[in-house]
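Hi,

Here is the structure I promised to pass on. Have a look at it first, and my notes follow underneath.

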Amino acid sequence: MICCHGKSTDFSPTEAEGTTQPMTTMAPIQSPSWIDINKVTNDSLTVEWEETNAKDYKISVDDGKVGKEFNTSKTNYKIEKLTCGTLYNITVQGCDQDCSLPKTSETAITKPNPPDALKVKVDISNRMTVSWTPPASCGLPMSYNVTVLVGEDVKFNDVTDETEITTGYLEANKKHNINVFSFVQQYPGLISEKLEGFDYTYP
């Protein structure tokens, strides 16, 4: 109420005088609640994650000795130049001004490389000793699966932590094909490509 010259007048705001507008509150930036790791090879992997309202994401990969960081605006990232047969911890976080949001973590192991330099010796009792060189540069201890085939028939199949194994007796006048695979000791499902041996015929 405004008094002028003894009269009272009701006052109400007009558009010209302006009205109070409601304030909009921005939702806090979120980190992904889950991440998924796939397409794992001996030197790379792809990480995918839940899309949030963050415009940028930071990805970290660490093998306990060396760490790397990457940024992207997408919801997936291929990490390359990794070490074979190595356990990695991967984290993703949505980025605010200083990338201080909580991280979502997952672990993955790269596939091992196959062994190298297959050699075969036959003793006087016609048993075969197979040896090989461990795969280079893999981070975790390796074991090996050795198979000997005659045609499609598996004549020998065994696992060893060593780089040499003696098989059963050879069959006369038959070709023996030798295959050796590397795998990570704690994770036997992570198998390398095979090192395939030459056909060995006795005698």
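Which side chain does Lys58 meet in a salt bridge? The partner is Glu69, at 3.9 Å from N to O. Keep in mind that this is a predicted model. Lys58 sits in strand E5 and Glu69 in strand E6, 11 residues apart. Lys58 is buried, at 18% relative accessible area, whereas Glu69 is exposed, at 53%.

The count of salt bridges comes to 6, so here are a couple of others, going by the 4 Å cut-off between nitrogen and oxygen. Lys111 pairs with Glu193, with the closest N and O atoms 3.8 Å apart. Both of these residues are in loops: Lys111 between strands E9 and E10, Glu193 between strands E16 and E17, and 82 residues separate them. Lys111 is partly exposed at 25%, and Glu193 is exposed at 55%.

Then there is Glu171 with Lys155, at 3.1 Å from N to O. Glu171 is in the loop between E14 and E15 while Lys155 is in strand E13, so this salt bridge ties together parts 16 residues apart in sequence. Shared partners join Lys155, Glu171 and Lys174 into one network.

On to the strands. E3, E4 and E7 form an open antiparallel sheet in that order, with E3 and E7 at the edges. The twist averages 20 degrees from one strand to the next. E3 and E4 pair over 4 bridges, and Ile35 has Trp49 in E4 as its bridge partner.

One more residue to click on: Asn179 in strand E15. Asn179 is buried at 7%, and its contacts further off in sequence include Asn145, Leu149 and Lys194.

Cheers

Technical notes. Residues are numbered from 1 along each chain as its sequence is written. This is a predicted model: local features need pLDDT of at least 70, side-chain atom pairs count only at pLDDT 80 or more; totals for chains, interfaces and linings use all residues. Side-chain values use heavy atoms; hydrogens and water are left out. Two strands pair if DSSP finds at least two bridges between them. Helices (H or I, at least four residues) and strands (E, at least two) are DSSP runs, numbered from the N terminus. Axes are lines fitted to C-alpha atoms, for helices over the stretch in contact, and angles run from 0 to 180 degrees between N-to-C directions. Buried means under 20% relative accessible area, exposed over 50%, partly exposed in between (1.4 Å probe, protein chains only). Contact means heavy atoms within 4.5 Å. Lists of a residue's contacts leave out its neighbours within four places in sequence.
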